[in-house]
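Colleague: I have a few questions about this model before I use it. Please keep the answers short.

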Amino acid sequence: MNKIRKNYCGSTEHAVSRRQFIGSAASGIAGASLFAENALSAELKKQGKSVILLWLAGGASQLETFDPKPGAITGGPFQSIQTSTPGVRISELMPKMAARFKDTCVIRSLNTKNGDHGSASQLMMRGRKDEASLKYPDMGAVLARELGKPESQVPDYVSFYLQSEGRNFSGSGFLGARFGPMELSKSVMPENINKPDHISESDFLDRMALRDLWSKNFETGRSSGTLASHQQAFMRVHGLMESQKLFDVSKEPQKMRDMYGPTQFAEQVLIARRLAESGVPFVRVGRAWWDSHGQNFETHQELVPELDHVMATLLTDLEDRGMLKNTLVVTLSEFGRTPGINSSLGRDHFASAWSCSLSGCGVKGGSIYGKTDEKGEKVIEGEIGAARLFATIYKALGINPQKNYYVGSRPVPLTDPGTEPVQEVLA
Amino acid sequence: MNFTSIKVEKNIARQDILFAVARVPNSSKAFIAGSDFKISEIDFQQAKPEIRSFPAHSSYVTALILKDDTLISGAYDGKLVWWKASSGEKIKSIDAHKKWIRQATISPDGKHFASVADDMALKIWNIADAKMVREMTGEHKPLTPNDFQSMLYACAFNKDGKLVASVDKTGHIVVWETFTGKKIATMEAPIMYTWDPNARRHSIGGPRSIAFSPDSKLLAVGGTGKIGNIDHLEANGRVEVFNWEKSERLHEFVTDKSKGLVEHLEFHPDGNILLGAGGAGEGFLAFMDLKEKKVAHQEKAAMNIHAIASSDNMKSLLAVGHHRVLHIKTA
Amino acid sequence: MNQKLLVIFLQPLAMLALAITFTEQVEAQEKLLPSNMPIEKVIDHYIEASWKEKKIKPADAATDTAWIRRISLDLNGRIPTPSEAKTFAEDKDPTKKQKAIDRLIASPLHLRHQAREIETLLMNGTKGNLSEYLTKALNENRTWDRIFKDFILADETDVANKGSSEFLKNRVKDLDKLTNDVSIAFFGVNVSCAQCHDHPLVHDWKQDHFYGMKSFFSRTYEVGNFLAEKEYGVVKFLPNKGKEKQADYMFLTGKTVKPVGMTEPTKDELKKEKEMVEEWKKNKTQPTKPKTSTRAMLVEIALGKSERDFFAKAFVNQLWHRFYGFGLVMPLDQMHSENPPSHPELMNWLAQDFASNNFNIPRLVKGLVSSKVYGLSSRYEGASTPLAKDFAVARLKPLTPMQMGVSLRLAGNNFGGGATSNADLEKKLDNIDNGAKGLADQFVQPSEDFQIGVTEALFFSNSTKFQSECLPEGKDKLVTTMTTMETPEEQADLAVWSVLGRPATSDEKAVIAGYIKKHGANAQDASKQVVWSLMASPEFRFNH
């Protein structure tokens, strides 16, 4: 029998606009209009806020991180430890985060109903499901748009994903490639960001100027969103090349590099800090791959202490630099893992009761939101889905979750109408 | 043995996942322990096998040693606890290791036992007075070559107890002199450890069992093969047999009908047959013939087997594992 | 009778009635132009009529060089060689456009390009390789209904259909996706919303339609590496309101099939089936076909006289979209009564024409690109640019990855006067096409409202791969040939003809000549930079 998937369309009532089904792209120029900034938005940009998303790809186990159930039949072998907040305990695998829990809020009550890697990561990167004819921008694209500067010389949205498993290039949807990610999938240095040796600096600029001239000529009497994006892409080349040094971790003192640690993940997170420090509004560091269907405890013994150390180091580093109040550090996956332990001592996909964390900018540090039952099988308090999580993240950054973008003339709010941020999470 | 008969005589379903078993000699009784942090005493011939059950640790119990009326348990909480077997009364608790105790094995003379844990230490203990007589460290590195925490999974004595061997996650094997702690030999079984730098960037596997041959000349190590998708234990079971004095690998056996880890290894007293048992999604038993150099017989088990306590020259196998106890008779 | 039941009973009949009325309208010839009129004339007639009605002034006709570039890209996936472009521009023959179309369609590159475009249409990101089948099918000039049938029946026991199972096979693990992809690819209908509930706004799409379509595929499954169909199986679903029901075999128009002789299987029959499956799996053999194929039922109903309009319209719209840059119905997968075509009579006529001419693809292609409307300029001089759906100005179409790969390589080579005979030229083009994949992989397949990212600009600017593939040095290469020319003005001319397929304007000649003189120290480098600037310009990047 086909089970009805009540969540398939994202909400019980789409809030569907008639337009989308009657050729919303019927107008000549497609794409979101880059309408004038309002004063609040401009103000935010002055404050230079950033988000660093630690994307725990594959589905990290909430039971082995933020919502341990020691002693329960589903609890597994790990203990819980006291955090710096009385009454709050997290997994023993995270002693460093436990000690500096003061800036972190853990949400334990995510119920996102989707246990498929591909579509769930789309959901958790967008806060909603795409519609038939509307591709939503993901968190990075939205924040690049909201927090980035139009004339910025640094990229707005950087995404590190160096492992080959589970890589699905997120996207800017209807916001267009202007707000698309700079994807780093082969190395921590963006591809083609260095001027090649066979051309001098002045020749490089000269030929670019020549190109710009042809471009201007061609644009006379013609217009299209895609045409505009072509021009914009080339306009940004020089600035992006200048930002190459941000990706060069050797520019950090060795002491700092040692502090973060020797692993690939550690290095990327350090680079993320460098980027945020230079005004890049959104950096995603994907740490693959948490999908421990077999040997869940062994895998988490490897991965959680790394996360614990790197995340704690990042928060302390940001704090030392006076950046923490303007930087939001998020840990998130596409889903969590089953309370049930399978025969290979693994945990499988589980989206009914899982956790994420928010630290820094705009959140109530040292707190927990939401509760799961004794075995961690379901949420018993404070259940939220992707939509409310996103509303909360936007609000924490001072962005109105009901702010509208426009696709053609259709208003598209950042989150569906009626989606409330979780006030208890916000500072 | 000629495998004319491998019969499951008793199949007991359990709520817990069992990692350790110790049999009471000449009886159908045994102590089992695992994921509910408890120790249970069972009589597997009874219709209601569980006699009693008592809390023992604050994490998974992975080791049980039984000598006369002394029962010793080891667990992921790093503690070794001495009990009076007959009553279940706690005698003594020691913070034996700083990290997860993975295995404990009794010496042939019944006076000592060895424990291994993720603090990468092999420790020799006196059963009677609960004192540590020797500690071997320094050989098994705490971090893998990829800078992640390593684990020390298994240990075994040879027939006269003068030698003890240990094997860690990366496949590094060490043979020691039991009471001097001197390192005698090392060898490697790296195939059993898979580090994936590209797709998933972590590791899986590592040898989980080790055993000396009755003549002490061979050392067998059990685990799994190289894994492609490290989200699963998807490779076949694997056993490597070394001439440990020469640090030379002699044979490799692959359980081509079953996937997973070989978690229990045991030589038949005749020295010719080697039993490996374990599993992943399913469980298996494999009988390897050292003369013929092949896996002579493979059998599916009703669950992923984590430990076996055998008696009567392997004619009676008490296997424990994922939510189940099996009593198997062989002929 | 229970109200709800009545509705459920009558709904399909109502849809059927609607469909039949619609078809009747189409057959009312007095509203449509005669069926023997050439396709291109019909297009011009209806579009020009709509301009007249809306008082729209269309753009001028495209220049000859713009037209030959456009047609070469659209039909053969490549820019013209300078020689081709020049020859065409200078030709005084009034039928030269038709001759160019015929010449391009006769080239092997045309079929290759068609195969790629159809594969993109059908797969669009889903893994799978249709090229083996499509190359063969298009070579044999198989009609679109035959191709549809081949993909849906997926019968690889017939060696003539090798590779035809690729469409379904890669989707068989997710029958919901399979259902929706078939609906989108062949019928222009995205019914995914109707999985959860009847569509609130579009009356055509109810849950019955989604599950009705799914029924045709419900028996499709994988046996080892083979696609197979069971003897038994139905789709049951729980509607948003009401009890669980069994889905009818319902096509998107609402027409249902009530198959004869289909029985519920006995326990024995199910057991036998299971055993057979095990046997096939063990022996790795092709499973046998079922007595009744529900997929064959779909083919029959979809291509049946009363329903095939749907099928015809979808392909017409997709092909129109490809050549005109904008569909008669937009979006392409929203063909329903609430979203009528911009030019309903044109759509109807084209669909009818396609269906009554055996769904012949080359015939339709030729017709579409032969119209005057197709040949308009993409530049508009007027005050306010007309909307896309008026087709009064040609639309900019970003090049596909393969078009970029092939065209960049082509531009960097200097065939000049070199390749004379057709065979010689075709051979050179063949080589270029064969080696273009690496470069093509650097580009992203355009989608609707496509945005070009900075990654592409960085690739152009800094990649050594770009340098070596697109600006190669050598005797027959553009940048080197430029340095052998007498004057910088001649170099400019060659560069612009080679890369952009037209003569350089006098301003352009002056600018380029000035650039070359300024960077005269290394002539090769200077010409590379000039060629680079042209390749990186939007005039190259777009099919205009």
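Colleague: In the contact of chain A with chain B, which element gives the largest share of the side of chain B?

Modeller: This is a predicted model. The contact takes 25 residues from chain A and 24 residues from chain B. On the side of chain B, two or more residues come from each of strand 1 (6-23) and strand 18 (202-205) of chain B. The largest share there is three residues, and the element giving them is strand 18 of chain B.

Colleague: How many residues of the side of chain B that touches chain A are polar?

Modeller: Chain B puts 24 residues into this contact. By class, that side has four charged and nine nonpolar residues, and the polar ones number eleven.

Colleague: Why do the buried residues of helix 7 of chain C lie on the same side of the helix?

Modeller: Helix 7 of chain C spans residues 131-139, and its buried residues are C:Tyr133, C:Leu134 and C:Ala137. They lie on the same side of helix 7 of chain C because the arc they cover around the axis is only 90°.

Colleague: Which helices of chain C do the buried residues of helix 7 pack against?

Modeller: The residues in question are C:Tyr133, C:Leu134 and C:Ala137. Their packing partners in chain C are helix 6 (108-123), helix 8 (144-153) and helix 9 (166-169).

Colleague: Which residue just after helix 7 of chain C takes a positive phi?

Modeller: Helix 7 of chain C covers residues 131-139. Just after this helix, a positive phi of about 55° is taken by C:Asn141.

Methods: Residues are numbered from 1 along each chain as its sequence is written. Chains are lettered from A and ligands numbered from 1 in the order in which they are written. This is a predicted model: local features need pLDDT of at least 70, side-chain atom pairs count only at pLDDT 80 or more; totals for chains, interfaces and linings use all residues. Two residues are in contact if their C-beta atoms, placed from the backbone, lie within 7 Å. Helices (H or I, at least four residues) and strands (E, at least two) are DSSP runs, numbered from the N terminus. Ala, Val, Leu, Ile, Met, Phe, Trp, Tyr, Cys and Pro count as nonpolar, Asp, Glu, Lys and Arg as charged, and the others, Gly among them, as polar. A residue is buried if 20 or more other C-beta atoms lie within 10 Å of its own, exposed if 12 or fewer, and partly exposed in between; C-beta atoms are placed from the backbone. The arc is that of the directions from the helix axis to the C-beta atoms.
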